[in-house]
Amino acid sequence: MASAARAEAVAPQRTSRPLRAWQQAALEKYEQESPKDFLVTATPGAGKTTFALTLAARRLQRREVARVIVVCPTDHLRLQWAEAADRMGIVLDPNLTNAVGPVRAGTQGYVTTYAQVAGKPMLHAARATAVKTLVILDEVHHAGDGLSWGEAVEEAYGRAARRLCLTGTPFRTKPDERIPFVRYEEDGFEGDLGDGEVGLVSRADYTYGYKEALADNVVRPVVFAAYTGTSRWRNSAGEVVAASLSEAGTRSVEMQAWRTALDPKGQWVPHVIAAMDDRITHLREEGGMPDAAGLILASDQDDARAYARIAKRVTGKAPELILSDDPKASKKIERFAAGSARIAVCVRMISEGVDVPRAAVLAWMTSYRTPLFFAQAVGRVVRARAAHESATVFLPAVRPLLSLAASMEEQRNHVMPPPKAQDPEALDLEPLPAKEREPVTVKQFEALEADARFAHVLASGTAHTGEGRPAGRAGDDIAPEEEDFLGIPGLLTAEQTASLLAKRDDELRMRIAQRAHHDDTGELPIVEDHPDEDDAGRSWRDAAELRREVNRLVARVAAKTSRPHGVVHTELRKAVPGPPSASASVEVLRARRERLRTML
């Protein structure tokens, strides 16, 4: 009952923070219906985490549940959920592994990942049914039946007392990828899926789309700056092929032109990074965002490292390089979110759910083009902190991405088409072919060069090329001070914005040419580590540190007494009763630490 008591004790502090109108409306609907399953579809950046934790705190306070389990896509999001829960007065352990049986005393639940659930679904089922539990499935589209995670999630949480499903993406998947705990209804399909054919469409219990969030100033308006250019590559027959990104013709040629543009050896990448850097400078100096930052999304780790070197050369400052296999990846994300670095380069670490409110610029330098990934990635730069803020996304002027950008404001559900509509050409589900999939014995493709030219600005689904006289205030010329890069949101029209971007092209090209002659050591950019923050008061962090300290002391006692570590652990548990250290409470761990100190 300690968990419930703590939730009740912190309730006044929690309720003093006002909720957004949509969060309050969704909570009221939940209260009225009190359902076992509830699906919320809210645009990225709208505040799904706050909504879910407020609902969880109320359920704990009223003793309708005694435990909260959060399932999320990545390890970093486990930390982010735990931090957010801690601010709401809920103690969720983000370090609980599948090797530990019971949930640690002193917590009200834990945060895990879909991969961990898939590893031991029956273990998680036991945890979810030991007491009445609310399971929060974050980005629930990851639990499609077509994935191994789907069956595991259903097995683990099919008997949980309550389930809250969250998603923030327009997603469209294969006919066999039905998501557990989501309600589907039959619906007709048109176009390439066949007129009158019947498929299944998910129905959310509460929906809050990008258009509504934009009207409420919850998210930033997004301007998509598309860059074209001519790509040249050598195909498997040894022929040199050239094509424009925006006029590639066939899908195959478009894919190769796009892939060549993203090659670090060409000029497309440095040109767009320079344009991105100018945008960040403007936001910091003139746009009212002194801490503005940008994200560069790469297709793989090799490209990410190369883009980081280019960014350092073009901008003169080392970006934060965040790779999934780096043990410091989560720490780097936290540091970038709270720091002052201008740019972070990553592969998929910041594509979904990660909260970096100061990031307002995104450079799309990845071959991924699914609606799900696009919405999640753009969602990283749309979270509004003030009404005057806006977001800019720099992207290749290719058909798949422009189509996704144009439909940014559309409402979409989880669509499962009829079985015969599985044409990947039509659905555009897969990323471009990965370089490592090519046979090593046959040279299928060789990127030669690519240049970059501004193509157009896409705003609210309308393209503006910037050609001719910009549209401004009636009869007025644009004053010199208003010709600043991308202008101040609300001051310049989308057409004027396009005109200014086009004017910057020649200047950027000269700047890159000058930078290209500078020495490049080839070393990866390094951002110095900051001192660790004071983690006092964070019970799950305290427990992790105490466990490490207990293990160190056990080793010292074992060495001093010439006994095995296991014997010392057994004697310690007899002296200070309780579960194993991996699941022991902070109080038990502290008592064991003191006991060990007396033994030295």
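## Briefing: loops, sheets, helices and cores

R63 sits in the loop that connects α3 (48–61) to β2 (67–72). The model is predicted. Two loop residues with positive phi come up first below. The sheets, the helix packing and the nonpolar cores follow.

**Loop residues with positive phi**

- R63 is not a glycine, yet its phi is positive, at about 60°.
- The relative accessible area of R63 is 45%, so this residue counts as partly exposed.
- S34 is another residue other than glycine with a positive phi, near 45°.
- The loop that holds S34 runs between α2 (21–33) and β1 (37–42).
- S34 has 40% relative accessibility; because buried means under 20% and exposed means over 50%, S34 is classed as partly exposed.

**The seven-stranded sheet**

- Seven strands make an open sheet with parallel pairing, and their order is β3-β4-β2-β5-β6-β1-β9.
- Its edges are β3 (92–93) and β9 (206–208), each of which pairs on one side only.
- Within this sheet order, β5 is listed next to β6.
- Strand β5 covers residues 133–137 and strand β6 covers residues 162–167; they run parallel and are joined by 4 bridges.
- Which residue of β6 stands opposite L137? That residue is C165.
- Strands of a sheet pair through backbone hydrogen bonds, in either a parallel or an antiparallel sense.

**Helices packed against strands**

- α2 lies across three strands, β1, β6 and β9.
- The direction of α2 is at about 165° to β1.
- Helix α7 (residues 148–157) also packs on the sheet, where it touches β2, β4 (109–113), β5 and β6.
- The direction of α7 makes about 165° with that of β5.

**The α3/α4 pair**

- The axes of α3 and helix α4 (residues 75–87) come within 10 Å.
- They cross at roughly 55°, and α3 and α4 are therefore oblique to each other.
- The crossing of these two helices is right-handed.
- On the α3 side, T49, A52 and L53 make the contact.
- On the α4 side, the contact residues are W81, A84 and A85.

**R78, an arginine in α4**

- Helix α4 also holds R78.
- Is R78 buried or exposed? Its relative accessibility is 6%, so R78 counts as buried.
- Leaving out residues up to four places away in sequence, R78 touches C72, P94, N95, L96, V111, T112, T113 and Q116.
- C72 falls within the span of β2 (67–72), and V111, T112 and T113 fall within that of β4 (109–113).

**The three-stranded sheet**

- A further open sheet has 3 strands in the order β12-β11-β19, with antiparallel pairing.
- β12 (240–244) and β19 (445–450) are the edge strands, and each pairs on one side only.
- On average, neighbouring strands here are turned by 25° against each other, direction ignored.
- Strand β11 (residues 230–235) pairs with β12 over 5 bridges, in the antiparallel sense.
- R234 has V240 of β12 as its bridge partner.

**Strand β16 and its partners**

- Strand β16 spans residues 359–365, and 7 of its 7 residues are buried, so the rest of the structure largely encloses this strand.
- β16 pairs with strand β13 (residues 293–298) over 6 bridges, in the parallel sense.
- I296 is bridged to A363 in β16.
- β16 also runs parallel to strand β17 (residues 391–396), with 3 bridges between them.
- Opposite V361 stands T392 in β17.

**Nonpolar cores**

- How many residues does the largest nonpolar core have? The number is 116.
- The residues with the most contacts inside this core are F51, I136, L164, F224, W268, W364 and M365.
- Helix α10 (residues 268–285) supplies the largest share of the core, 9 residues.
- M365 touches W268, V269, V272 and I273, among other residues.
- The contacts of M365 also include L262, I296, L297, A298, S299 and Y307.
- Another core, of 25 residues, lies apart from the largest one. Among its members are V103, Y110, Y114 and V117.
- In soluble globular proteins, nonpolar side chains tend to be buried together.

Key:
Residues numbered from 1 in each chain as written. Predicted model: local features only at pLDDT ≥ 70, side-chain atom pairs only at ≥ 80, totals over all residues. Heavy atoms only, no water. Core = buried A, V, L, I, M, F, W, Y, C linked by side-chain atoms within 4.5 Å. Buried < 20%, exposed > 50% of the residue type's maximum accessible area, 1.4 Å probe, protein only. Contact = heavy atoms within 4.5 Å. Pairing = 2+ DSSP bridges. Axes fitted to C-alpha atoms, helices over the stretch in contact; angles between N-to-C directions. Parallel < 35°, antiparallel > 145°, perpendicular 65-115°, else oblique. Left-handed = near helix turned anticlockwise from the far one by under 90°.
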